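Here is a short note to read with the model open. Take the points in order and find each place as you go.

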Amino acid sequence: MAIEFQLRKAILQGELRIVYQPVVDLNTSLMVGLECLIRWHNAELGEVSPSEFIPIAEETGVIHDIGEWVLREACLQNKLWQDAGLPAIFVAVNVSRCQFNDPRLSGMIEDILRETGLQPGYLELEITESLSMDAKLAEGALASLKRLGVRIAMDDFGTGYSSFGYLRDFPIDKMKIDQSFIKGLKHRHVNAVIVQTMITMAQHLGLAVVAEGVETEEELNILREYGCRYVQGYYFSRPVEFQQIENMLVHLS
Ligand code: G
Ligand code: G
Ligand code: MN
Ligand code: NA
C-alpha cells in the first residue's frame with residue numbers, strides 16, 4: 001500500500017506540519033486558543049487530507065508516532081510563543097481513539113510537557129466519541145491526564161454513539177458542538193433546539209462550550225443570544241500557518 005509506506009516516512013522526512021485555527025471568546029472578542037490540525041505534503045502524492053490519511057494511520061498503527069509528533073510540535077510551538085512574550089493561549093490537539101487505548105499515553109504527554117516546559121493548563125486534548133474506545137483504558141488515561149492538569153474536550157459533540165455516556169463517565173472540561181448543528185441554525189428549527197439544549201446542559205454541568213464551524217454573522221448572533229461563550233470557524237479564521245498566528249498574537253499583545 002503506497003500511501004502507508006509514504007506515511008511511515010513522512011515524520012522523518014519533515015513532511016508533516018500543523019495549521020492552527022483560532023478559538024475566540026465572545027465575552028472579549030479575543031483569540032484564547034488554537035485547534036491544531038495536521039497537514040501532510042508528500043512530493044509524490046501532493047497535499048493529502050487528514051480525513052484520508054488519519055484512518056490509514058489508525059489501521060496501520062502509524063497513528064501513535066504521528067499523534068506523538070503533533071503533541072510535541074504543538075506544545076513546543078506554544079512554549080516558543082510564550083517565551084517570545086506573546087499572549088498565552090492554549091493549544092488543542094486531536095487525539096485518536098487508538099491513542100487512548102495505549103496505556104503509555106499519559107506518560108508520553110507528561111514527558112512532552114516536561115521536555116518542552118509548557119504548563120499543562122495550556123494544553124487541551126480533543127477526544128471524539130467512538131465505539132472502539134476501550135472505556136476502562138480511556139477512563140484511566142483521562143484520570144491521569146486530569147491529574148497532570150491537562151484539559152479534556154469532547155469533540156464533534158452530538159454526532160457519535162454515546163455523547164451522554166461520555167459526559168457521565170469521563171472527566172470532561174469542555175463540549176465542542178459539532179459544526180453540522182451550527183449549519184442551518186437559522187433555518188432549521190431542530191438545529192436551533194439542539195444547540196440551545198446542548199449549551200444549557202453544558203452550563204448546568206459546569207463545562208465550557210465551543211461552537212464549531214461558525215461561518216456567518218447570523219450564526220454568531222444566534223449563538224451569542226443562546227449564551228455560547230466560545231466560537232471557532234471560517235467567520236473568524238480558517239486554519240492557518242504558524243506565521244499568521246504569530247502575526248495575530250503580536251497584534252494581541
Ligand atoms: O482540518 P481538516 O479538515 O483537514 O481535518 C479533517 C479531520 O482530521 C478532522 O476530523 C480532524 O479532527 C482530523 N484531524 C486533523 N488533525 C488531526 C490530528 O492531528 N490527529 C487526529 N487524530 N485527527 C486529526
Ligand atoms: O473533527 P474536527 O472538529 O476536529 O475537525 C475540524 C474540521 O472542521 C477541520 O477539517 C477544519 O478544517 C474544519 N472547519 C473548521 N472551521 C470550519 C468552518 O467554519 N466551516 C467548515 N465547513 N469547516 C470548518
Ligand atoms: Mn477537533
Ligand atoms: Na469537531
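How do the residues of the shell around ligand 2 divide into nonpolar, polar and charged?

1. The shell around ligand 2. It divides into 4 nonpolar, 5 polar and 4 charged residues. In all, 13 residues surround ligand 2. Those that come nearest are Gly 213, Glu 215, Gly 233, Tyr 234 and Pro 239.

2. Confidence. Keep in mind that this is a predicted model. The chain has a mean pLDDT of 94. Of its residues, 98% reach 70 or more. For the complex, the predictor gives an ipTM of 0.98 and a pTM of 0.97.

3. The shell around ligand 1. Find Leu 37, Ile 38, Ser 49, Pro 50 and Ser 51 around this ligand. The list goes on with Ile 54, Val 70, Asn 94, Ser 96 and Pro 239. Two elements give two or more residues to this shell: strand 2 (30-42) and helix 2 (50-60). Helix 2 gives the largest share, with 3 residues. By class, the shell holds 6 nonpolar and 4 polar residues, and no charged ones. Pro 239 deserves a second look: it is listed around ligand 1, and it is also among the residues that come nearest to ligand 2.

4. Helix 1 on helix 2. Now stay with helix 2 and look at its partner. Helix 1 covers residues 2-10, and its axis comes within 10 Å of the axis of helix 2. The two cross at roughly 85°. That angle makes helix 1 roughly perpendicular to helix 2. On the helix 1 side, the contact uses Ile 3, Glu 4 and Leu 7. They meet Phe 53, Ile 56, Ala 57 and Thr 60 of helix 2. This contact has 5 nonpolar residues, 1 polar and 1 charged.

5. Helix 3 on helix 5. Which way do these two run? Helix 3 spans residues 63-83 and helix 5 spans residues 105-116. Their axes come within 9 Å and cross at roughly 30°. Angles under 35 degrees count as roughly parallel, so helix 3 and helix 5 are roughly parallel to each other. Their crossing is right-handed. Helix 3 brings Glu 68, Leu 71, Arg 72, Cys 75, Leu 76 and Lys 79 to the contact. Helix 5 brings Met 108, Ile 109, Ile 112, Leu 113 and Thr 116. The classes are 7 nonpolar, 1 polar and 3 charged.

6. Helix 5 on helix 6. Helix 5 has another partner to check. Helix 6 covers residues 135-148, and its axis comes within 9 Å of that of helix 5. The crossing angle is roughly 25°. Helix 5 and helix 6 are therefore roughly parallel to each other. Here too, the crossing is right-handed. From helix 5, Leu 105, Ser 106, Ile 109 and Glu 110 take part. They meet Ala 141, Ser 144, Leu 145 and Leu 148 of helix 6. By class, that contact divides into 5 nonpolar, 2 polar and 1 charged. Look again at Ile 109: it takes part in the contact with helix 3 and in the contact with helix 6.

How values were computed: Residues numbered from 1 in each chain as written. Chains lettered and ligands numbered in written order. Predicted model: local features only at pLDDT ≥ 70, side-chain atom pairs only at ≥ 80, totals over all residues. Near = placed C-beta within 6 Å. Helix = DSSP H or I, 4+ residues; strand = E, 2+ residues; numbered from the N terminus. Nonpolar A, V, L, I, M, F, W, Y, C, P; charged D, E, K, R; others polar. Axes fitted to C-alpha atoms, helices over the stretch in contact; angles between N-to-C directions. Parallel < 35°, antiparallel > 145°, perpendicular 65-115°, else oblique. Left-handed = near helix turned anticlockwise from the far one by under 90°. Contact = placed C-beta atoms within 7 Å. pLDDT = per-residue confidence, 0-100.
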